[in-house]
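Visitor: I am new to this structure, and I would like to understand how its descriptions are justified. Could you show it to me and then take my questions one by one?

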Amino acid sequence: MKPYALLLATLVTPALAHAADAQHVHASNAWIRLLPANLPAGGFVVLANDGDKPIELRDAKSASYASVMLHKSSTEGGMGRMEMVDSLTIPAHGQATLSPGAYHLMMMQAAKPIAVGDNVKVTLVFGDGSTSDVTFAVKPANTL
Ligand SMILES: [Cu+2]
């Protein structure tokens, strides 16, 4: 191998190692419901899949929060509760909605104070390892 070829390989490889962008997932209406006192905040988004195969939302992360988890809220016997879920399926040519009272991202321990009007970047991670960076608008606690 010629020396310059080796150098080129070294330069190019890190870029190739990055996860591919999710091509078939389109996010819209992404927002975070900010709660006072650094309480965990709900993250909501509509994910549309224009591909021929179902896609699983597996994970999410953000530099703005120490931890982001996928949760599902439900009501049992009049009591609100929520649980962690491993994944959420976005059907082929369909969509999955994360919304108050249902599936949501639980954003915990803000890295620095977050205010209404801020934009928070969240990286969504899908079952095939692809990712999508989505900007979430921070809204007040009383937003429906
Ligand atoms: Cu939750």
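**Core, loop and copper site**

Guide: This is a predicted model, and a good place to begin is its largest nonpolar core, which has 29 residues, with L105 and L124 touching the most other members. Strand β9 (residues 119-126) gives the most to this core, namely four residues.

Visitor: What is L124 in contact with, leaving aside its neighbours within four places in sequence?

Guide: L124 is in contact with L47, L57, D59, A60, L105, S130, T131, S132 and V134.

Visitor: Why does S62 count as buried?

Guide: Buried means under 20% relative accessible area, and S62 has 9% relative accessibility, so S62 counts as buried. S62 is placed in the loop between β3 (55-61) and β4 (65-76), and a polar atom of its side chain lies 3.1 Å from the backbone nitrogen of S64, while the backbone oxygen of K121 lies 2.8 Å from a polar atom of that side chain.

Visitor: What makes the arrangement around the copper ion tetrahedral?

Guide: The protein donors are H71 (ND1), M82 (SD), H104 (NE2) and M106 (SD), lying 2.0 to 2.3 Å from the copper ion. Four donors count as tetrahedral if all angles lie between 85 and 135 degrees, and the four donor atoms here subtend angles of 97 to 118 degrees, so the arrangement is tetrahedral.

Visitor: Why is M82 called partly exposed, and is H104 buried or exposed?

Guide: Partly exposed lies between the 20% and 50% cut-offs, and M82 is called so because its relative accessible area is 44%, whereas H104, at 4% relative accessibility, counts as buried.

Methods. Residues are numbered from 1 along each chain as its sequence is written. This is a predicted model: local features need pLDDT of at least 70, side-chain atom pairs count only at pLDDT 80 or more; totals for chains, interfaces and linings use all residues. Side-chain values use heavy atoms; hydrogens and water are left out. A nonpolar core is a set of buried Ala, Val, Leu, Ile, Met, Phe, Trp, Tyr and Cys residues joined through side-chain atoms within 4.5 Å. Buried means under 20% relative accessible area, exposed over 50%, partly exposed in between (1.4 Å probe, protein chains only). Helices (H or I, at least four residues) and strands (E, at least two) are DSSP runs, numbered from the N terminus. Contact means heavy atoms within 4.5 Å. A polar contact is a pair of N or O atoms within 3.5 Å; within protein, one must be able to donate a hydrogen and the other to accept it, and residues adjacent in sequence count only if both atoms are side-chain atoms. Donors are N, O and S atoms within 2.8 Å of the metal (3.2 Å for Na, K and Ca); water is not among the atoms, so sites may look incomplete. Four donors count as tetrahedral if all angles lie between 85 and 135 degrees; four count as square planar and six as octahedral if opposite donors are over 155 degrees apart and all others between 65 and 115; anything else is irregular.
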